[in-house]
Amino acid sequence: MSEIAGLPKVELHLHLEGGAPPAFIRGLAAEKKADIAGIFDARGGYAYRDFWHFLKVYEAATSVLRTPEDYRRLTLAVLEESAASGVVYSETFLSPDFCGGRDPGAWREYLLAIREAAGEAERKMGITLRGIVTCIRHFGPEKARETAICAAETAGDWLTGFGMAGDEKMGKPGDFRWAFDCAREAGLRITVHSGEWGAPETIRDTLHSLNPERLGHGVRAIEDLALVDELAERGTVLEVCPGSNVALGIYPEFRAHPIAELDRRGVKVTISTDDPPFFHTTMAREYEELHRAFDWDEGQFLRLARQALDAAFCDADTKTRIAKKLER
Ligand code: ADE
Ligand code: ZN
């Protein structure tokens with residue numbers, strides 16, 4: 001691994017199921033005699049045509065994760081990959097939709113298994129994980145309410161955030177206000193996927209309807225410089241996933257990605273992978289590609305890692321402990 005790729009990293013935007021290695025999902029499918037062969041390409045990777053098909057393939061892959069034990073194994077597999085990429089602190093999106101069908105009792109069992117695995121990974125690999133419950137926009141506001149109730153009941157020092165992923169073109173951010181108010185009242189910090197596919201007006205709508213501290217992606221803000229200034233003034237943190245955006249065809253290559261321009265304009269950008277095996281990426285690869293595209297040096301990457309840690313949803317003691325790992 002190059003020196004840049006080997007730097008200690010902080011990742012804020014990682015979907016747990018999206019981190020599932022394809023071989024892991026194939027193994028579970030075989031154990032459960034589930035036929036999901038159609039979601040893989042000839043080389044065994046995930047195959048999808050576009051973003052909307054990606055969401056379907058993602059849900060098909062997730063359909064073989066059926067028990068808390070499956071999620072315990074998944075969490076270990078995902079954290080092994082992250083730790084091998086130099087990640088020292090990570091936040092992962094968790095979906096009660098997939099973990100027990102939004103039943104609060106079942107959700108607790110899944111969460112317990114995920115936390116157990118996170119504890120084991122911390123002891124064995126030195127990587128710290130926290131969870132963010134995420135509702136799924138295209139499942140609609142009613143399911144988002146149920147998801148928020150699961151999140152609120154388990155909010156604490158490990159489950160620290162609430163967010164929304166899924167198809168940004170479905171519904172309006174304001175349709176989900178009840179869920180976000182419920183989560184906020186339980187002390188959860190807020191991040192919303194917005195401005196991955198949605199135009200700048202959608203990002204504005206998200207900011208003004210749901211008032212998130214962080215945005216998942218947010219990169220299409222670059223199409224409206226007044227909005228870029230607003231993000232910089234508000235101090236909104238962008239969880240930028242360049243490799244994901246390139247793999248899904250939002251930008252043709254890393255060099256065309258707006259992360260460097262957003263950074264220059266004073267927006268708080270951070271670097272994440274989103275769903276790494278789906279997008280043939282890792283945190284180490286993101287660093288290498290960004291170094292190649294923008295000639296970013298060690299100082300720049302460490303600055304962005306500290307910026308990410310500042311924006312993390314964990315407590316101050318955890319931040320102090322992780323900050324030591326970022327000192328060079
Ligand atoms: N769920 C998993 N990955 C996602 C992405 N990139 N955008 C929206 N929802 C997602
Ligand atoms: Zn995402």
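This is a short tour of the zinc site and the ligand beside it in a predicted model.

**Stop 1: the zinc ion.** Select ligand 2, the zinc ion, and show its protein donors. Three are histidine NE2 atoms, from His13, His15 and His193. Asp274 adds an OD atom. The donors lie 2.1 to 2.2 Å from the zinc ion.

Now look at the angles. The 4 donor atoms subtend 84 to 171° around the zinc ion, so the arrangement is irregular.

**Stop 2: the donors along the chain.** Colour the donors in the sequence view. Their spacing reads H-x1-H-x177-H-x80-D. Select His13 and His15: both are buried.

**Stop 3: ligand 1.** Select ligand 1 and display its surroundings. Among the residues around ligand 1 are Phe51, Phe54 and Tyr58. Ala165, Gly166, Glu196, His217 and Asp275 also belong to this set. So do three zinc donors: His15, His193 and Asp274.

**Stop 4: nitrogen contacts.** Which side-chain N or O atoms should you pick out here? Start with Glu196: a side-chain N or O atom is 2.7 Å from a nitrogen of ligand 1. Go on to Asp274, where the distance from a ligand 1 nitrogen to a side-chain N or O atom is 2.7 Å. For His15, the corresponding distance is 3.5 Å.

Next, switch on the surface. On its own, ligand 1 has 260 Å² of accessible area, and the protein covers 97% of that.

**Stop 5: the cavity.** Hide ligand 1 and view the space it leaves. That space is the largest cavity.

Technical notes: Residues numbered from 1 in each chain as written. Chains lettered and ligands numbered in written order. Predicted model: local features only at pLDDT ≥ 70, side-chain atom pairs only at ≥ 80, totals over all residues. Heavy atoms only, no water. Donors = N, O, S within 2.8 Å, 3.2 Å for Na, K, Ca; no water. Tetrahedral: all angles 85-135°; square planar, octahedral: opposite > 155°, others 65-115°. Buried < 20%, exposed > 50% of the residue type's maximum accessible area, 1.4 Å probe, protein only. Near = heavy atom within 4 Å. Polar contact = N/O pair within 3.5 Å; in protein donor to acceptor, adjacent residues only side chain to side chain. Areas by Shrake-Rupley, 256 points an atom, 1.4 Å probe, with all protein chains shown as cover. 1 Å grid on protein atoms, 1.4 Å probe; cavity = no way out; pocket = protein on both sides within 12 Å on 5 of 7 lines; lining within 4 Å. Sits in = over half its atoms within 2 Å of the grid points.
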